[in-house]
Amino acid sequence: MADNYLHQSTDEIEYFSVKMFKPNMDSIPYYPLPSGYSLQLYKNDSNDDQKWVDIAKAAGEFKSIEQGFVMFEKYYQNYKENDLLSTRVYFLVSPDGKYIGTASAGIDQIDGKEQGSLWWVSIIPEYQGKKLAKPIISYVLLKIAEYSNTCYLDSQTTSWKAINMYADFGFVPSMLKPDNYEKAWRLLSKLCKRKFIDDID
């Protein structure tokens with residue numbers, strides 16, 4: 001669920017689900033937003049649920065608005081109950097005030113422990129390729145670093161451009177998804193021109 005951004009590649013690339021992790025949060029690259037763009041946190045008592053769904057659907061994650069609301073409730077119900085939405089769900093806003101992207105500082109149960117997780121990086125298609133993904137990710141990772149010393153994310157081989165970007169932030173392959181591990185990361189090494197296969201959790 002990490003990367004709706006750039007997750008459209010080509011049907012010729014074999015699909016494998018993968019997991020990545022950032023072993024420590026001591027060093028997080030900083031990427032400023034282009035002039036005029038801003039980040040806004042989720043606002044309670046607003047229609048920000050709808051904005052989140054609209055962005056994720058436009059990025060290709062959901063087939064319907066209804067499915068989007070089901071997924072929002074699934075992933076964020078605990079955040080609502082603990083009043084965390086307004087501190088961990090970020091929106092990217094264009095110079096004309098349009099909500100065009102989102103990413104969240106998440107928490108997942110991994111090996112019986114709560115670990116930081118990068119959730120739902122989504123940018124609507126017409127704003128992709130404008131150097132907006134790295135800035136929002138850097139802001140969200142800084143938030144995750146406040147409560148976790150590691151960070152995980154889920155992705156897939158067809159999102160190889162996004163995976164290449166995550167590697168720039170220090171993410172490496174995780175063995176928590178062992179199925180087709182070597183095959184997937186050899187493929188990604190070739191696509192990204194990086195030697196991923198030696199980075200084993």
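Let's start with strand S1, residues 17-22, which is mostly covered: five of its six residues are buried. This is a predicted model, so everything below describes a prediction. S1 has a partner on either hand. It runs antiparallel to S6, with six bridges joining the two, and Lys22 has Cys151 in S6 as its bridge partner. S1 also runs antiparallel to S7, joined by two bridges, and there Met20 has Pro173 as its bridge partner.

**The sheet as a whole**

Where does S1 fit in the order of the strands? The open sheet has seven strands, arranged S2-S3-S4-S5-S6-S1-S7, and the pairing is mixed. At the edges sit S2 and S7 (172-173), each of which pairs on one side only. Here are some of the pairs, each with a pair of residues that face each other.

| Strand pair | Sense | Bridges | Residues paired |
|---|---|---|---|
| S2 (residues 38-41) and S3 | antiparallel | four | Leu41 and Tyr90 |
| S3 and S4 (residues 99-110) | antiparallel | five | Val89 and Ser104 |
| S5 and S6 (residues 151-156) | parallel | two | Ser117 and Tyr152 |

**Strand S3, covered on both faces**

How many residues of strand S3 are buried? Five of the five, residues 89-93, so S3 is largely enclosed by the rest of the structure. It helps to look at S3 one face at a time. In a regular strand, side chains alternate between the two faces of the sheet. On one side of S3 you'll find Val89, Phe91 and Val93, and on the other Tyr90 and Leu92; all of these are buried, and both faces are covered.

S3 has neighbours in the sheet as well. S2 pairs with S3 in the antiparallel sense, and Leu41 stands opposite Tyr90. S3 pairs with S4, again antiparallel, and Val89 stands opposite Ser104 there. S3 and S4 also make a hairpin with five residues between the strands, where Gly97 takes a positive phi near 90°.

**A buried serine in S5**

Now move along to Ser117, which is in strand S5, residues 113-123. Is Ser117 buried or exposed? With a relative accessible area of 2%, it is under the 20% cut-off, so Ser117 is buried.

What do the polar atoms of Ser117 meet in there? Its side chain and that of Asp108 are joined by a polar contact of 2.7 Å. A polar atom of the Ser117 side chain also lies 3.3 Å from the backbone oxygen of Tyr152. Tyr152 is the residue standing opposite Ser117 in S6, and S5 and S6 pair in the parallel sense. Leaving out residues up to four places away in sequence, Ser117 touches Ser104, Ala105, Gly106, Ile107, Asp108, Ile144, Cys151 and Tyr152. Two of those names have come up already: Ser104 stands opposite Val89, and Cys151 is the bridge partner of Lys22.

**Two exposed loop residues**

A pair of aspartates out in the loops is worth a look. Asp45 is in the loop between S2 and helix H1 (48-58), and Asp111 is in the loop between S4 and S5. Asp45 is not a glycine, yet it has a positive phi of about 55°. Asp111, not a glycine either, has a positive phi of about 55° too. Asp45 is exposed, with a relative accessible area of 84%, and Asp111 counts as exposed at 66% relative accessibility.

**Stepping back**

What's the overall plan? The protein has six helices and seven strands, and along the sequence they follow the pattern β-β-α-α-α-β-β-β-α-β-α-β-α. The radius of gyration is 16 Å, close to the 17 Å that the globule rule gives for 201 residues, so the protein is as compact as a globular protein of that length. Its C-alpha atoms fill a box of roughly 45 × 35 × 35 Å along the principal axes.

Of the 201 residues, 50% are buried. The accessible surface comes to about 9800 Å², and carbon and sulfur atoms account for 48% of it. Among contacts between residues at least 6 apart in sequence, 73% join residues at least 24 apart.

Finally, a note from a record: an unreviewed UniProt entry places the feature "domain: N-acetyltransferase" at residues 39-192. Over residues 39-192 the chain is 42% helix and 25% strand, and the end C-alpha atoms are 29 Å apart.

Conventions: Residues are numbered from 1 along each chain as its sequence is written. This is a predicted model: local features need pLDDT of at least 70, side-chain atom pairs count only at pLDDT 80 or more; totals for chains, interfaces and linings use all residues. Side-chain values use heavy atoms; hydrogens and water are left out. Buried means under 20% relative accessible area, exposed over 50%, partly exposed in between (1.4 Å probe, protein chains only). Two strands pair if DSSP finds at least two bridges between them. UniProt positions are given in the numbering used here, feature names are shortened, and annotations may be inferred rather than shown by experiment. The radius of gyration is taken over C-alpha atoms; the globule rule is 2.2 Å times the number of residues to the power 0.38. Contact means heavy atoms within 4.5 Å. Accessible areas come from the Shrake-Rupley method with a 1.4 Å probe; for residues, only the protein chains shown count as cover. A polar contact is a pair of N or O atoms within 3.5 Å; within protein, one must be able to donate a hydrogen and the other to accept it, and residues adjacent in sequence count only if both atoms are side-chain atoms.
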